[in-house]
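Me: Hi! I have a new model open and would like to talk it through with you. Could you take a look?

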Amino acid sequence: GAPFEARAAPAASRFDGTYADTNHPGCARTISDGVLSGEDPVPFVPAPGDGTPGSPCTPGGETKPWSIRLKEQDERAGTVFINFDEKDGSGEAFTARLTADGGLRINDTTLWPRLE
């Protein structure tokens, strides 16, 4: 038979990593393979959009997992389109941009620092 051919793993995206959601403290936010996944607290109270956080995730508290396929991921420009409406019907969708220190600027009032 033909010798085994090892396939190179695809290069990791610049976006791949774990982030802190400043609008929902303690809630996991991870990007891997073009998918943003996380968990929201139950009940979920959205952030008002003025920099004040919404409901946090607390140790042992009830959470609801979700995931969103990212669109328009541009490795060179460091931008990606995130449609939060897909997870919660909020109507929120943003073109997020990587920051110089590796965080993700979601919009004018929301920056997710990179944790790892």
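**Chatting through the model**

Reply: Happy to. Let me start with G78, which sits in the loop between β5 and β6 (79–83). Keep in mind that this is a predicted model.

Me: Ok, is G78 buried or exposed?

Reply: G78 is buried, because its relative accessible area is 1%, and the cut-off for buried is under 20%.

Me: Which residues is G78 in contact with, leaving aside its neighbours within four places in sequence?

Reply: With those neighbours left out, G78 touches R14, F15, A96, R97 and L98.

Me: And how far apart in space are G78 and V45?

Reply: They are 29 Å apart, C-alpha to C-alpha, with their positions 33 residues apart in sequence. V45 does turn up among the contacts of another loop residue, S55.

Me: Let's go there, then. Where is S55 found?

Reply: S55 is in the loop between β3 (35–41) and β4 (63–69). This serine is buried, with a relative accessible area of 10%. Apart from neighbours within four places in sequence, its contacts are N23, H24, P41, P43, F44 and V45.

Me: How far is S55 from P41?

Reply: Their C-alpha atoms are separated by 6.7 Å, and the two are 14 residues apart along the chain.

Me: You listed N23 as a contact of S55. Where does N23 lie?

Reply: N23 lies in the loop between β1 (17–20) and β2 (28–32). At 14% relative accessibility, N23 is buried too. Beyond its neighbours within four places in sequence, N23 is in contact with A47, T52, P53, G54, S55 and T110.

Me: Changing topic: pockets. What volume does the largest pocket have?

Reply: About 300 Å³. N23 comes back here, since the residues nearest the pocket centre are N23, H24, A47, F84 and E92.

Me: How many residues line the largest pocket, and how do they divide into nonpolar, polar and charged?

Reply: The lining has 21 residues. Eight of them are nonpolar, seven polar and six charged.

Me: Which elements give two or more residues to that lining?

Reply: Those are α1, β8 (104–107) and β9 (110–112).

Me: Nice. On to charges: how many salt bridges does a search of the whole structure find?

Reply: Five. One of them pairs E86 with K71, where the closest N and O atoms are 2.5 Å apart.

Me: What does the E86 and K71 pair tie together?

Reply: E86 belongs to helix α1 (residues 85–88) and K71 to strand β5 (residues 71–74), so their salt bridge ties together parts that are 15 residues apart in sequence.

Me: Are E86 and K71 buried or partly exposed?

Reply: E86 is partly exposed, with a relative accessible area of 43%. K71 is partly exposed as well, at 34% relative accessibility.

Me: What about D21 and R29, are they buried or exposed?

Reply: Both D21 and R29 are buried. Their side chains meet in a salt bridge, with an N to O distance of 2.9 Å.

Me: And which residue forms a salt bridge with D88?

Reply: That is K87, with the closest N and O atoms 3.1 Å apart. K87 is buried, with a relative accessible area of 19%, whereas D88 is partly exposed at 32%.

Me: Which residues are linked in a network of salt bridges?

Reply: The network links D21, R29, D40, K87 and D88.

Me: Let me zoom out before I go. How many helices and strands does the protein have?

Reply: There is one helix, along with nine strands. Along the sequence the pattern runs β-β-β-β-β-β-α-β-β-β.

Me: What does the C-alpha trace span along its principal axes?

Reply: About 60 × 35 × 25 Å.

Me: What share of the residues is buried, and what area does the protein expose?

Reply: Buried residues make up 34% of the 116 residues. The protein exposes about 7200 Å², and 53% of that comes from carbon and sulfur atoms.

Me: Last one: among contacts with a separation of 6 or more, what percentage is between residues 24 or more positions apart?

Reply: Such pairs account for 45% of those contacts.

Technical notes: Residues numbered from 1 in each chain as written. Predicted model: local features only at pLDDT ≥ 70, side-chain atom pairs only at ≥ 80, totals over all residues. Heavy atoms only, no water. Salt bridge = Lys/Arg side-chain N within 4 Å of Asp/Glu carboxyl O. Buried < 20%, exposed > 50% of the residue type's maximum accessible area, 1.4 Å probe, protein only. Helix = DSSP H or I, 4+ residues; strand = E, 2+ residues; numbered from the N terminus. 1 Å grid on protein atoms, 1.4 Å probe; cavity = no way out; pocket = protein on both sides within 12 Å on 5 of 7 lines; lining within 4 Å. Points joined across faces, edges and corners; volume = space filled by probe spheres on them. Nonpolar A, V, L, I, M, F, W, Y, C, P; charged D, E, K, R; others polar. Contact = heavy atoms within 4.5 Å. Areas by Shrake-Rupley, 256 points an atom, 1.4 Å probe, with all protein chains shown as cover.
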